[in-house]
Amino acid sequence: MITRLGRWVLSRLRRFLPEWLLTAPSLLWLLLFFVIPSLLVFTVAFRPPDPYGRIGEGWTLDTLARLMQPSYPAILWRTLRVSMVTTLVCLVMAVPAGYWLARQPASRRHWTLLLVILPFWTNFLIRIFAWRTVLHPEGFLQTSLVKLGILSSNASLLYNEGAVLVVLIYTYLPFAIMPVYAAAERFDFQLLDAAQDLGATRFQAFVRVFLPSIQIGLLTATLMVFIPALGSYAIPDLVGGPSSEMVGNKIAQRVFTDRNLPHASGLSALLALAVILPMVIAMVVRSRHPDKVPVEREKGGPREGGAQG
Amino acid sequence: MESILEIKTVNKAFGAQRVVRDVSLSVKRGEVFSLLGPSGCGKTTLLRMIAGFERPDSGSILLDGTDVAQLPPNRRQVNTVFQNYALFPHLSVADNIAFGLRAEGKPKIEIQEEVHRMLDLIRMHEHAHKKPSQISGGQKQRVAIARALIKKPKILLLDEPLAALDLKLRQHMLLELDRIHDEVGITFIYVTHDQDEAMSLSDHIAIMNEGVIEQLGTPAEVYELPKSRFVAEFIGDTNLFPGKVASVEGSDYCHLEVPGLGKILAYQDRPVAPGENVTLSLRPEKFNLSREKPTVPSIQNLLPGVVDTIIYMGSETRYVVRCGEFKLNVLRQHNRCLLEEKPITWEDSVWLTWHADDGNILQSTNGTPATTPNADSAP
Ligand SMILES: Nc1ncnc2c1ncn2[C@@H]1O[C@H](COP(=O)(O)OP(=O)(O)O)[C@@H](O)[C@H]1O
Ligand SMILES: [Mg+2]
């Protein structure tokens, strides 16, 4: 009995070992540089702060209790909302851009791609400061909008959530365009012909064939925008105001101003939880209700349609 | 039989390149109509105009009496089986087949039933849930056909559907296509560069060359009575004799003077006048080959030759026979050479005979001997 079990385990092992060996390096990397550091950060939330800004001795739940501050849910919600809107707008702009890029002749494609990544040649902070100039109350944009009567003179383009959104979208758009383009470039555009041939309109062909075919690109783009947007603090710090603070700003304040590392790590954990929890729920729901309804009838169902054929 | 598709003087150019030139043809309801021609002759372009992916520069395309030349593909009752299938990789076989009806917004029950019928037709029930990447080339082909047929098109367009398959599978799919056509009774327009496919499947064949239809007819017509040198050479093998009409014999026959060969008797497929330059096409299997000089009636031609090459191919044997300045292709299907006491072999002197009716005087003058400047007139 035991030898049989042993043999079975061995055969299993042999079957799955190569796969494990292949994924082992990346798993190890994830473990060493992502999972363990994250866990370390989260454990800090259970430590007391110390007056010199270090991590104190012992364990406490004080920090977690202090996370119940009334201002935090609003900030957390704003962070999620701003990040989601940024992601959505970036995707909506990246899809046509990626589609268009993929349909260009190779020579023009390389030029346009270069234009997409050109902003990265300028330092991130300098680009944000450039936006401050553009949106400044005495800047060109506001003065001309006021002159045209579109904007009242005491309105402000800067230091609000709108400004944060604009600059976030501006900053992360290339990160959305690149993966969408990479997926679109591998897309067989004859499939759109086939869809139209089967009676789909151009729009239907786009939605039912193009979008599902580039879903990996869309997913990558979503992660590439959503995750950094969630953690952003420089942008809301520089172009936002007190009414548009994000969790990132709070974390930065706890670290640099209050020198309260446990509190900062508690906020980080809260943010991570706020993202991971809906994802886990969505995954569970999806696995319970697969969205592909099989066309095939169950066995034993009526078959008169087939009999006529 | 009435025609379901009428194409009238359709033209299409890409830039300066005229890809389809003054094409007119008519396809009868329920038939298999082939567009046959070498790669790059404009077959796909013509097909794409019928499907609606390209607009003709001029001319009309009448589908069941209405001009559809300017309609988009989704508003024509015509469906296409694409050259490389173009199955949707993210959808299962069943969902691929259902795509057309879902786009129409048909009720779910009806879609299920139709998909079921199509899976019956292509005999692929057990693969209904697989993705296109999990099935073989022949199966993809069948899914592509079912996906198009579920729309009940007036015409099914097939663009080189078997080109990507290996020989054995191609032969099998050819029978399969024939069966499917018999079962659904829908008109097929079949594009191919393979003459065997076209010959075995079609009711009518249009032979295209450089954007022009060289000849349109039944498989037997285009094989037995090719109008041009191009058609004669493209469909099967042939021997071409460029010559001059020496004399006209009654209303049916004429003598041709073929430089480097001699005088031969030929049936007048078209009225000819003495002195006219003509080209005679003679298929390799029309010859009779013998070692002894046969006695033949005057209606037969008789020429001496020397065997240059023998290619034994099992079901048939090909001979190349030197005859005057010509090297003639001769085909013997009923091969008994191994059983003959003394089989015909290399450098044997042989006699070639053929019936005057078996040659075919080409309509067009292209392929005339080099002595006259080549008047390369279009048919
Ligand atoms: N969209 C296009 N743009 C430019 N030239 C084209 C286009 N489509 C086809 N052609 C040209 O037209 C000619 C005929 O092509 P095609 O109809 O695909 O031939 P076939 O299907 O008979 O091989 C070819 O020389 C091809 O290069
Ligand atoms: Mg083609």
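This passage describes the surroundings of ligand 1 and the packing of three helix pairs in a predicted model.

Ligand 1 is surrounded by residues of chain B. The shell includes Phe14(B), Gln17(B) and Val19(B). A run of further members follows in the sequence: Pro38(B), Ser39(B), Gly40(B), Cys41(B), Gly42(B), Lys43(B), Thr44(B) and Thr45(B). By character, four residues of the shell are nonpolar, six are polar and one is charged. Two elements of chain B, strand S2 (17–28) and helix H1 (43–51), each contribute at least two residues to the shell. The largest share comes from H1(B), which provides three residues.

Polar contacts were then examined. Gln17(B) places a polar side-chain atom 2.9 Å from an oxygen atom of ligand 1. Thr45(B) also contributes through its side chain, where an N or O atom lies 2.5 Å from an oxygen atom of the ligand. At Cys41(B), the backbone is involved instead: one of its polar atoms is 3.2 Å from an oxygen atom of ligand 1. On its own, ligand 1 has 550 Å² of accessible area, and the protein covers 59% of it.

Helix packing was considered next. Two packed helices are described by the angle between their axes and the distance between the axes. In chain B, helix H2 (residues 93–104) packs with helix H4 (residues 137–149). Their axes are 7 Å apart and meet at an angle of about 30 degrees. Angles under 35 degrees count as roughly parallel, so H2(B) and H4(B) are roughly parallel to each other. The crossing of H2(B) past H4(B) is right-handed.

H4(B) also packs with helix H3 (residues 108–122) of chain B. Here the angle is about 140 degrees, and the axes lie 10 Å apart. H3(B) and H4(B) are therefore oblique to each other. This pair, H3(B) and H4(B), has a right-handed crossing.

The third pair lies in chain A. Helix H5 (residues 124–135) of chain A packs with helix H7 (residues 161–185) of chain A. The angle between H5(A) and H7(A) is about 140 degrees, with 11 Å between their axes. Roughly antiparallel helices need an angle over 145 degrees, so H5(A) and H7(A) are oblique to each other. Their crossing, that of H5(A) and H7(A), is right-handed.

Note on methods
Residues are numbered from 1 along each chain as its sequence is written. Chains are lettered from A and ligands numbered from 1 in the order in which they are written. This is a predicted model: local features need pLDDT of at least 70, side-chain atom pairs count only at pLDDT 80 or more; totals for chains, interfaces and linings use all residues. Side-chain values use heavy atoms; hydrogens and water are left out. A residue is near a molecule or strand if one of its heavy atoms lies within 4 Å of it. A polar contact is a pair of N or O atoms within 3.5 Å; within protein, one must be able to donate a hydrogen and the other to accept it, and residues adjacent in sequence count only if both atoms are side-chain atoms. Accessible areas come from the Shrake-Rupley method with a 1.4 Å probe; for residues, only the protein chains shown count as cover. Helices (H or I, at least four residues) and strands (E, at least two) are DSSP runs, numbered from the N terminus. Ala, Val, Leu, Ile, Met, Phe, Trp, Tyr, Cys and Pro count as nonpolar, Asp, Glu, Lys and Arg as charged, and the others, Gly among them, as polar. Axes are lines fitted to C-alpha atoms, for helices over the stretch in contact, and angles run from 0 to 180 degrees between N-to-C directions. Angles under 35 degrees count as roughly parallel, over 145 as roughly antiparallel, 65 to 115 as roughly perpendicular and the rest as oblique. A crossing is left-handed if the near helix is turned anticlockwise from the far one by less than a right angle, and right-handed if clockwise.
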